[in-house]
Protein chains: 2
Amino acid sequence: MFRISRITDYGIVILAQLATQTDDAAHNSRELSDQTQLPAPVVSKILKSLTRAGLLDSVRGSKGGYRLARPPAQISVVQMISALEGPVAMTECAIHPGACSMESSCGLQGPWQRINGAVQDALEKITLADIADPTANARGRFDRFVPLVGLDASGSGGHAAPNNPNSKEPRGR
Amino acid sequence: MFRISRITDYGIVILAQLATQTDDAAHNSRELSDQTQLPAPVVSKILKSLTRAGLLDSVRGSKGGYRLARPPAQISVVQMISALEGPVAMTECAIHPGACSMESSCGLQGPWQRINGAVQDALEKITLADIADPTANARGRFDRFVPLVGLDASGSGGHAAPNNPNSKEPRGR
DNA sequence: ATTTACAGGACCAAATTAGTCCGATATCTT
DNA sequence: AAGATATCGGACTAATTTGGTCCTGTAAAT
């Protein structure tokens, strides 16, 4: 666990797709659905969210579509996640002081704010430009090892491919 | 969103509680439930998971209970999260190469592994000793500002307090 | 005017998560 | 030896969240 949601996952795929387009034209929902192989209604929904969050500009009407609101290097992972699933907040108290009724007795708000800040810093440094850069994909791969407690074999799969009611085989994104 | 699960949240509270105990005695489930004000069955369940993951040692029978398996400084946030909700993996492909059927067409495994690594690094550096240290709580608070996209007012609350079917007021953890 | 495409939500089904409970086993006390 | 106290492991249910679809309205181009 500790995953981003599927919608966010898809959203980043879509953003990466848009980042690779060299022209400045608007790309419509159907086109992006074809390119990413993601279900059209889902793509549409995600594009709307990204637009509302200010990551995309939209053009209505015929010849309309979407384009990045700013250069890929200025769109961080934090922004992408925030756009699609709300602020990066590992706990309620990390960003909403006063929301938790136990706040007075539980002395963990401070630590959580620190932890959350550390995660945000890490995610802030990585941008859409890094993600969409094809050479970056090969670099940085398996270049570190982090021992995991409880890394059991129950990989449980799932989470990355859209549900396909007809086949047990995930058809992937 | 992008939250840890409630169980993990509780688990860290429990671990912090155990870390503050100065004696080397085993503390039982009921005692910890009283101290943390968390529902007894939930505390029990969490303690079992933490034991299975190797973060706690358990003692059976009368006078039995739980104690930390090692010093708080040697228990990182990554380990705590991993123990209760599986490995820290923002996407499937970040830790399970081959699990996603789109892996060949989607060029994002590399980036995701990097992103995941960055988050793990951040979470690795913070330990139970930091969390349980009362002076650390005051420090590190509001000492940074990270602009968030989409930080709307829909705080939506919730997630931090156990469900109480009888009262609409969350009774907190 | 018609066509194309975004905007915003309502809505349902499926999957996850939270929380409870039970029988079995191990250990201490008397 | 018997009884009391705790953990162990897992089954089970209810509530919440998420994923995904669809429908009505609005804006722009032809």
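For sorting residues by character, Ala, Val, Leu, Ile, Met, Phe, Trp, Tyr, Cys and Pro count as nonpolar, Asp, Glu, Lys and Arg count as charged, and the others, Gly among them, count as polar. With those classes in hand, the surface near DNA strand D in this predicted model can be divided into nine nonpolar, eleven polar and six charged residues. The surface near DNA strand C divides into nine nonpolar, eleven polar and six charged residues. The points below take each strand in turn and then look at the nonpolar core.

**Around DNA strand D**

- DNA strand D is surrounded by 26 residues, and the closest of them are A:Arg6, A:Arg60, B:Lys48, B:Ser58 and B:Arg60.
- Both chains contribute to this surface, with helix H1 (6-20) and helix H3 (40-52) coming from chain A, while helix H3 (40-52), strand S1 (56-59) and strand S2 (65-68) come from chain B, and each of these elements supplies at least two residues.
- Among the atoms of DNA strand D that lie within 4 Å of the protein, 70% belong to sugar or phosphate, and the rest belong to bases.
- Bases are reached from both chains: an N or O atom in the side chain of A:Lys45 is 2.9 Å from a base nitrogen of DNA strand D, and a polar side-chain atom of B:Lys48 is 2.8 Å from a base nitrogen of that strand.
- The side chain of B:Tyr66 has an N or O atom that is 2.9 Å from a phosphate oxygen of DNA strand D.

**Around DNA strand C**

- DNA strand C has 26 residues around it, of which A:Lys48, A:Ser58, A:Arg60, B:Arg6 and B:Arg60 come nearest.
- Here chain A provides H3, strand S1 (56-59) and strand S2 (65-68), whereas chain B provides helix H1 (6-20) and H3, and each element supplies at least two residues of the surface.
- Sugar or phosphate accounts for 71% of the atoms of DNA strand C within 4 Å of the protein, and bases account for the rest.
- A base nitrogen of DNA strand C lies 2.7 Å from a polar side-chain atom of A:Lys48.
- A sugar or linking oxygen of DNA strand C lies 2.7 Å from a polar side-chain atom of A:Arg60, and a backbone N or O atom of A:Gly61 lies 3.2 Å from a sugar or linking oxygen of the strand.

**The nonpolar core**

- In soluble globular proteins, nonpolar side chains tend to be buried together.
- The largest nonpolar core holds 85 residues, and A:Leu123 and B:Ile131 touch the most other members.
- Leaving aside residues up to four places away in sequence, A:Leu123 touches A:Ser76, A:Val77, A:Val78 and A:Ile81 in chain A, together with B:Phe2, B:Met90, B:Ile115 and B:Val119 in chain B.

Key. Residues numbered from 1 in each chain as written. Chains lettered and ligands numbered in written order. Predicted model: local features only at pLDDT ≥ 70, side-chain atom pairs only at ≥ 80, totals over all residues. Heavy atoms only, no water. Near = heavy atom within 4 Å. Polar contact = N/O pair within 3.5 Å; in protein donor to acceptor, adjacent residues only side chain to side chain. Helix = DSSP H or I, 4+ residues; strand = E, 2+ residues; numbered from the N terminus. Core = buried A, V, L, I, M, F, W, Y, C linked by side-chain atoms within 4.5 Å. Buried < 20%, exposed > 50% of the residue type's maximum accessible area, 1.4 Å probe, protein only. Contact = heavy atoms within 4.5 Å.
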